[in-house]
Every structure is written in structure tokens, then in C-alpha cells.
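Got the viewer open? Keep the selection tool handy and follow along, one stop at a time.

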Amino acid sequence: MQTTAGTDDFIPNSYIDDSKFKLRLTDGDKRTTAGVYLYSFATACSDAGYDTGMIPFASGLTLYSKFSDSCESDVKLANQAISSDISSPVTIPIGLTSIKEGNLSIGLANPTALSTLKVYVKDNQSGDVTLLNENEYTFYSGEQASYEDRFELVLNYETLDANHP
């Protein structure tokens with residue numbers, strides 16, 4: 001589940017390198033997370049018992065992922081299972097909302113859990129691509145901002161080249 005405390009886990013005691021990570025959004029005062037879990041049996045659409053919908057919080061700061069295929073494109077996810085078969089770059093749309101004007105940062109809550117998987121965030125508005133394993137991505141947000149299609153994650157085991165993303 002999504003929490004502002006950062007102490008939650010989707011499946012307790014299930015840690016394996018590169019099997020999960022938490023994306024974190026911070027505004028200086030508050031933070032929220034969304035989980036991505038890699039399983040061999042996960043599909044591109046909803047996986048009952050693994051994909052969980054987002055519950056809006058009164059904090060005014062939300063972060064969620066969405067299915068990358070056309071299935072259920074309006075569902076906002078707090079936790080998303082994807083196939084662990086990443087033989088080419090995998091793209092996951094992410095969205096966020098903030099009621100506070102100022103800098104927002106997207107990063108990984110647990111970057112050391114990823115030994116070989118590279119997680120990039122692409123800002124479709126500015127064209128910036130940041131490797132979240134090494135740095136957070138910070139951008140300026142206006143008050144009452146909602147970004148449905150501005151950002152996406154790109155997952156790959158190789159360093160991305162100029163052809164992608």
C-alpha cells in the first residue's frame with residue numbers, strides 16, 4: 001500500500017535483487033511512494049492480488065503508475081506488477097499531483113536494491129531523461145498541478161542509447 005511513512009511492503013520477506021523498487025515523490029515536506037514489482041508471471045494488464053489501486057491522500061501529494069498497454073488505461077496504481085522478462089526497454093507511464101507550488105523530486109526510495117536493473121524517468125514535457133539509480137529528478141511545479149502524461153519510467157538492464165527513450 002502507499003504510505004507517507006515509507007515503511008510499507010507489498011509482500012513481506014520477498015526481497016530479491018532487482019525484484020522490486022519503490023518510486024518516491026517529495027515536495028520538501030511530504031513524500032509518497034509507488035511500488036513496482038517484477039514477477040515472471042505478471043501480465044501487461046491487471047494481475048489480481050498484485051496490482052493495487054491508488055487511494056488519494058489528504059496530503060495533496062500523490063504518485064501512481066498506469067498500465068502501459070491500452071488495457072485499463074484510466075486505472076491509477078499504488079503498486080504494479082510487471083513481467084521480469086525485460087529483454088528490451090519497458091515503459092511505465094506515471095502520474096502525480098501536488099497542491100503545493102515549488103520543486104518536486106522523483107527518485108528511488110531504495111536504489112541499492114537494484115543491482116543491475118536501470119530505472120530512468122523521462123519528462124515528456126522537457127525531454128529530460130534521468131537515471132534514478134544515481135540521481136533524483138527535480139522539476140518546478142505550479143500550485144494545484146496534475147501530471148497525467150508528463151512522465152514515464154523506462155526500465156532496462158542496459159544503458160539507454162540515443163534511440164531510446
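Start by selecting Pro 111, which sits in the loop that links β7 (102-108) to β8 (118-123). This is a predicted model, so colour by confidence whenever you like; we'll come back to that. Is Pro 111 buried, exposed or something in between? Its relative accessibility is 31%, so Pro 111 counts as partly exposed; the buried class would need a value under 20% and the exposed class one over 50%.

While you're there, add Lys 22 to the selection and draw a distance between the two C-alpha atoms. You should get 8.5 Å, for a pair that lies 89 residues apart along the chain.

Next, jump to Ser 141, in strand β10, which covers residues 137-141. Switch on a surface and hunt for this serine: Ser 141 has a relative accessible area of 0%, so it counts as buried. Now show side chains. Which side chain does the one of Ser 141 make a polar contact with? That's Tyr 147, at 3.3 Å. Expand the selection to what Ser 141 touches, skipping neighbours within four places in sequence, and you'll pick up Lys 100, Glu 101, Gly 102 and Leu 104, plus Tyr 147 again.

From here, go to β11 (residues 145-156) and bring up β6 alongside. These two strands run antiparallel, with eight bridges joining them. For one rung of that ladder, select Thr 97 and look across to β11, where its bridge partner is Ser 146.

Stay on β6, residues 90-98, and turn to β4, residues 61-65. This pairing is antiparallel too, over five bridges. Pick Ser 65 and you'll find Ile 94 of β6 standing opposite.

Time to zoom out and switch to cartoon. How many helices and strands does the protein chain have? Zero helices and eleven strands, so to speak a straight run of β elements from the N terminus on. Of the 165 residues, 47% are buried. Take the contacts between residues at least 6 apart in sequence: 73% of them join residues at least 24 apart. With the surface on, the accessible area comes to about 8000 Å², and carbon and sulfur atoms account for 48% of it.

Last stop: colour by pLDDT. The chain averages 82, and 83% of residues score at least 70. Then select residues 1-15, where pLDDT is below 50, although this stretch has 38 contacts in the model beyond near neighbours in sequence. Where pLDDT is low, don't read the predicted coordinates in detail.

Conventions:
Residues numbered from 1 in each chain as written. Predicted model: local features only at pLDDT ≥ 70, side-chain atom pairs only at ≥ 80, totals over all residues. Heavy atoms only, no water. Helix = DSSP H or I, 4+ residues; strand = E, 2+ residues; numbered from the N terminus. Buried < 20%, exposed > 50% of the residue type's maximum accessible area, 1.4 Å probe, protein only. Polar contact = N/O pair within 3.5 Å; in protein donor to acceptor, adjacent residues only side chain to side chain. Contact = heavy atoms within 4.5 Å. Pairing = 2+ DSSP bridges. pLDDT = per-residue confidence, 0-100. Areas by Shrake-Rupley, 256 points an atom, 1.4 Å probe, with all protein chains shown as cover.
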